[in-house]
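Colleague: I would like a close look at one helix and the turns beside it. Please start with the part itself and then place it in the rest of the chain.

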Amino acid sequence: MFPRKGASEREVLEELEKKTSQDLTFDSGRILGSMCTQPHPLAIEVVRRYIDRNLGDPGLHVGSRKIEEEVIEMLSNLLGLEKGYGHVVSGGTEANILAVRAFRNLSDVEKPELIIPESAHFSFLKAGEMLGVRLVRARLKEDYSVDVKDVENRISEDTIGIVGIAGTTGLGVVDDIPSLSDLALDYGLPLHVDAAFGGFVIPFAKELGYDLPDFDFRLRGVMSVTIDPHKMGMVPIPAGGIIFREKKFLEAISVPAPYLAGGKVWQATITGTRPGANTLAVWAMIKHLGFEGYREIVKTAMELSRWFAGELKRIPGVYLIREPVLNIVSFGTPNLEEVEEKLKERGWGISAHRGYIRIVIMPHVRREHLEEFLRDLRSALLEKG
Ligand SMILES: Cc1ncc(COP(=O)(O)O)c(C=O)c1O
């Protein structure tokens, strides 16, 4: 009910505290199945200070607009491009929708089709439905990466683009983006790489010596990349990222916004009014951590993932779906749903809806949390049946 009389600030805060006490929090270490994390304190401070900035009306917040441009330049550089074009957006979903929208608007086919791996995130379902683009799914190989031959077989006259994934949602698998890029070049099609998760992992993991393929603009066929600071970038939600190789992609999705207080602009994002503070937080985090800071975060997460995978393999009945590629470890157990329920009862934020339990070793997850989880998993397995 909409209250007639207002309550005091204290009362409101107390009520909120009570109501949110049911929430799992990242700092408890109990959330093991999410790609979000406890934001860095500096990023929280930046959001607090600049909470009123609206990048939907950049003429009013010229300084913030310039900072967004710097963010796009820094993200482009991370992804192997001197100058890219894009925006900090609400998340990987919006970024993927923008990429599909650009590919569709630049194509001239009547019944547009997009080829996506079977492992693609459900955001492409939204993109397909909203944009009138038919999704054509390509098979996966035994290692759960997309079968590039199957992608090729599915190219038709109506294909507007191809999608590859650098860090799948379920297993963290990185598709063979170099081959997809060659294929895209051969057929004159644009390739979009969904690195919503992997974008803030792979560049650092590669420098640490992990054997991962190129996945970004270093490959000539790659025309756009999704990269989300609100996942491994340590920035508060919402902060996704879309980068295009050329300006024409951004122009193809820009509409005139004539009535804004700050003057007429062209707007490409799905959201109109959008938070400048989070973009400033992305800028702050990149400046503060630098490549080396992120590399250390990724090093810890990757090492912990390999240790955890090793521990899982020692539990009778438990099996890995595949060896971890990034900092995601997914495993199966006998009576999976029962085990999932028992773990949830013990307060763990996990899910088994894909047919396995997926643990994302985000920066808030520490070894002691995983040790406790392993103890609970063992006891849940013993209890069953
Ligand atoms: C590979 C991939 N793409 C896109 C998304 C969507 O991102 P968001 O939830 O920020 O919209 C996710 C989210 O998990 C993802 O894993």
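Modeller: What follows goes from helix H11 to its surroundings, then to some backbone details elsewhere, and ends with the whole chain. The model is a predicted one.

Helix H11 runs over residues 336-345. Which of its residues are buried? They are Leu336, Val339, Glu340, Lys342 and Leu343. These residues share one side of H11, because the arc they cover around the axis is only 165°. The spacing fits a general rule: an α-helix has 3.6 residues a turn, so residues three or four places apart point the same way. Note that the buried set includes Glu340 and Lys342 as well as Leu336, Val339 and Leu343. On the face turned away from the buried side, H11 carries the exposed residues Glu337 and Glu345.

What covers the buried residues of H11? The cover includes two strands, E11 (328-332) and E12 (357-360). Helix H12, residues 367-383, is also part of that cover.

Both ends of the helix have a backbone feature worth checking. In the loop between E11 and H11 lies Asn335, a residue other than glycine whose phi is positive, near 45°. Asn335 counts as partly exposed, its relative accessibility being 40%. Just after H11, Gly347 takes a positive phi too, of about 90°. As background, most residues other than glycine have a negative phi, and most peptide bonds are trans.

The loop between E6 and E7 holds further cases of this kind. Strand E6 covers residues 222-226 and strand E7 residues 240-244, and Pro238 sits in the loop between them. The peptide bond that leads from Ile237 into Pro238 is cis, with omega near 0°. Met234 is found in that loop between E6 and E7. The phi of Met234 is positive, near 70°, and the residue is not a glycine. Is Met234 buried or exposed? Met234 has a relative accessible area of 9%, so it is buried, the limit being under 20%.

For a reference point away from H11, take Asn77, which belongs to helix H3 (residues 62-78). Asn77 is 257 residues from Pro334 in sequence, and their C-alpha atoms are 45 Å apart in space. At 37% relative accessibility, Asn77 is partly exposed. Leaving aside residues up to four places away in sequence, Asn77 touches Glu82 and Arg218.

Now the chain as a whole. The protein chain has 12 helices and 12 strands. The radius of gyration is 22 Å, close to the 21 Å that the globule rule gives for 385 residues, so the chain is as compact as a globular protein of that length. Along the principal axes, the C-alpha atoms fill a box of roughly 65 × 60 × 45 Å. Of the 385 residues in the chain, 55% are buried. When contacts between residues at least 6 apart in sequence are taken, 71% of them join residues at least 24 apart. The chain exposes about 18300 Å², and carbon and sulfur atoms supply 50% of that area. As for charge, the chain has 48 positive and 55 negative charges, and the mean positions of the two sets are 3 Å apart.

Terms used
Residues are numbered from 1 along each chain as its sequence is written. This is a predicted model: local features need pLDDT of at least 70, side-chain atom pairs count only at pLDDT 80 or more; totals for chains, interfaces and linings use all residues. Side-chain values use heavy atoms; hydrogens and water are left out. Buried means under 20% relative accessible area, exposed over 50%, partly exposed in between (1.4 Å probe, protein chains only). Helices (H or I, at least four residues) and strands (E, at least two) are DSSP runs, numbered from the N terminus. The arc is that of the directions from the helix axis to the C-beta atoms. Contact means heavy atoms within 4.5 Å. The radius of gyration is taken over C-alpha atoms; the globule rule is 2.2 Å times the number of residues to the power 0.38. Accessible areas come from the Shrake-Rupley method with a 1.4 Å probe; for residues, only the protein chains shown count as cover. Lys and Arg count as positive and Asp and Glu as negative; His and the chain ends are not counted. The place of a charge is taken as NZ of Lys, CZ of Arg, CG of Asp or CD of Glu.
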